[in-house]
Amino acid sequence: MEDPYIWMENLNDERVLKIVEKENKRFREFIGELSDKLFPEVWEQFSQPAIRMARITKKGIVVSYSEKDRVVIKWFDGDVIVDSKELEKEVGDEVLLQGFTTDEEGEKLAYNFSIGGADEGITRIIDLKTGEIIEEIRPSVWNIIFLKNGYYFVRFYRKEKTPDGINPPAVRMFWKDREGEKMVFGEGLTSGYFMSIRKSFDGNFAIVTLTFGWNQGEVYVGPIDNPQEWKKVYSASVPVEPIDVIDGKLYLLTKEGKGLGKIIAVKDGEIEEIIPEGEFPLEWAVILGDKILVGRLVHASYRLEVYTLSGKRVKEITFDIPGSLYPLDKDEERVILSYTSFTIPYRLYEFKEDLRLIEERKVEGELRVEEDFATSRDGTRVHYFIVKGEKDEKKAWVFGYGGFNIALTPRFFPQVIPFLKRGGTFVLANLRGGSEYGEEWHRAGMRENKQNVFDDFIAVLEKLKKEGYKVAAWGRSNGGLLVSATLTQRPDVMDAALIGYPVIDMLRFHKLYIGSVWIPEYGNPDDPKDREFLLKYSPYHNVDPNKKYPPTLIYTGLHDDRVHPAHALKFFMKMKEVGAPVYLRVETKSGHMGASPETRARELTDLLAFVLKTL
């Protein structure tokens, strides 16, 4: 098939840069001053402080905290260790401060940051006593596990071959000490594999998880200081997550069976079921002393359950507002948990014998969260959240994703608060392809089943339209594929479309950047059987001059090195060709996950302005 816009895959082509400049200007003219007027309101919500990560060390708790225009890594009740604003001064560009980790003693800290919002960044290891940089690694590495005399880390090869000669993208694990680094795990693994390492709580064992795509998992265990002795202890053709090794038993959360998650213990090849599958999926588990804490997802919001090590249920804790709950870290006595919802930027909890609230931020005003179901084409019930303010002016802004085993659970969207205060309604849809109802729900929305995801979304949008709402459909990344596929199939179910950092050309996604790692999820365009179902829905190949499309905003970042911006650019040209009312917004300083807080807040404000203007 001839691709008329293949030249747009070269981001250095003068024509591409000219179009970007021209279209950015045209979009600015369309939203006029509205965005500038709205920015202070979005910024106020965006800059609500929130704790993103925490690590408990022997010297205290280190947290990553976002506040106003900066992200800081600091001691919980004390000094700032790293400040994104200071980093920006140092490198002379916008900086996105990503993850961090520490050693148990509280003597060393490793953190990642990227410049201009690229995925690929820099890792620094610093001495917590003196603040000095011990080491800087480019491009960044992940999953650092400190031991007394060195550390393990995982490196993702994007552009060059691995040391054992495998073409990128691929991952490998290394050990590094005074003598240098050596590869210790992953030899021969091809593209599509991911790996992570953790240390057992008692510090004796390495627990390594190897996954292929988002589907199958293997777990290796062995002495922390001797990779030669790491052995495969468990493997499954479904996702599996290790919890810990206790008394020589490896506790695991596996999605075997119906895919709803159960906890098992493995010792000497013997498997013992601890917590069986329930009606709703288990999403995570933590062992604290003689208890197992689990997060269970009930219609896409969390409840906390507590069990004994033998699997007897002790208690269940529910929350006043549907929300998301995640463990941040633990020590001998307690687990620290983070909670968020549509109207709560964050809560920090501590669990010892019971759950105790440590800190909270919430939004003022009469806001309420409701839930409902729509019925998809094949009769499947599709759950969604509805968030409303004091008045309902029948304008709905609907967010969806539907893929990669990711559950859309309640979280805080800063730009939604000003929308609710203007009579808008925000909707979050739980579509197949995610993990909201377990692994079967995920598989019902991947590869040849991808059409189910679009049908689920159409069902939610249609129901809202029947209830008299004007509807704006929004998605980013794989959610951008969702909205563009729904747009090309059923433009009548939406009054506006917002498509962010999207995957859209389903015949070439595997040839752009790291796209080949998504083959397990989407299928392989080079396989004629897969190509057939991919072509059927590929938004880029299904733009129809005879359809009437609603106002559409396609937005991306020139430095997105995860999803190639060409998906957005090429689709924009196809839509323009048929005379659709389409706009393009290209962030010239930003990558897939955004750049500085202000850049991200500006982008969200532009989305809000577009929704208010078009609805």
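In the predicted model, 13 residues line the second largest pocket, and those lying nearest its centre are K108, N149, G150, D177 and R178. The volume of this second largest pocket is about 270 Å³. Four strands each give two or more residues to the lining of the second largest pocket, namely β8 (133–137), β9 (142–147), β10 (150–157) and β11 (170–177). By class, the lining of the second largest pocket comprises six charged, five nonpolar and two polar residues.

Strand β10 also takes part in a salt bridge through R155. The side chain of R155 meets that of E181, with an N to O distance of 2.8 Å. Because R155 belongs to strand β10 and E181 to strand β12 (residues 180–185), the pair ties together parts that are 26 residues apart in sequence. Over the whole structure, a search finds 63 salt bridges.

Two cis peptide bonds preceding proline were examined in the loops between these strands. The bond from R138 to P139 is cis, with omega near -15°, and P139 is placed in the loop between β8 and β9. The bond from P168 to P169 is likewise cis, with omega near -10°; P169 is found in the loop between β10 and β11. A further backbone feature concerns H299, which has a positive phi of about 45° although this residue is not a glycine. H299 lies in the loop that runs between β22 (291–298) and β23 (301–308).

Helix packing was examined for α6 and α7. Two packed helices are described by the angle between their axes and by the distance between the axes. The axes of helix α6 (residues 451–466) and helix α7 (residues 478–489) come within 10 Å and cross at roughly 75°. Angles of 65 to 115 degrees count as roughly perpendicular, and α6 is therefore roughly perpendicular to α7. On the α6 side, the contact is formed by Q451, V453, F454, F457, I458 and L461. These residues meet L481, L482, V483, A485, T486 and Q489 in α7. The contact of α6 with α7 has nine nonpolar and three polar residues, and no charged residues. In the lining of the second largest pocket, by comparison, six residues are charged.

Definitions and conventions
Residues numbered from 1 in each chain as written. Predicted model: local features only at pLDDT ≥ 70, side-chain atom pairs only at ≥ 80, totals over all residues. Heavy atoms only, no water. 1 Å grid on protein atoms, 1.4 Å probe; cavity = no way out; pocket = protein on both sides within 12 Å on 5 of 7 lines; lining within 4 Å. Points joined across faces, edges and corners; volume = space filled by probe spheres on them. Nonpolar A, V, L, I, M, F, W, Y, C, P; charged D, E, K, R; others polar. Axes fitted to C-alpha atoms, helices over the stretch in contact; angles between N-to-C directions. Parallel < 35°, antiparallel > 145°, perpendicular 65-115°, else oblique. Contact = heavy atoms within 4.5 Å. Salt bridge = Lys/Arg side-chain N within 4 Å of Asp/Glu carboxyl O.
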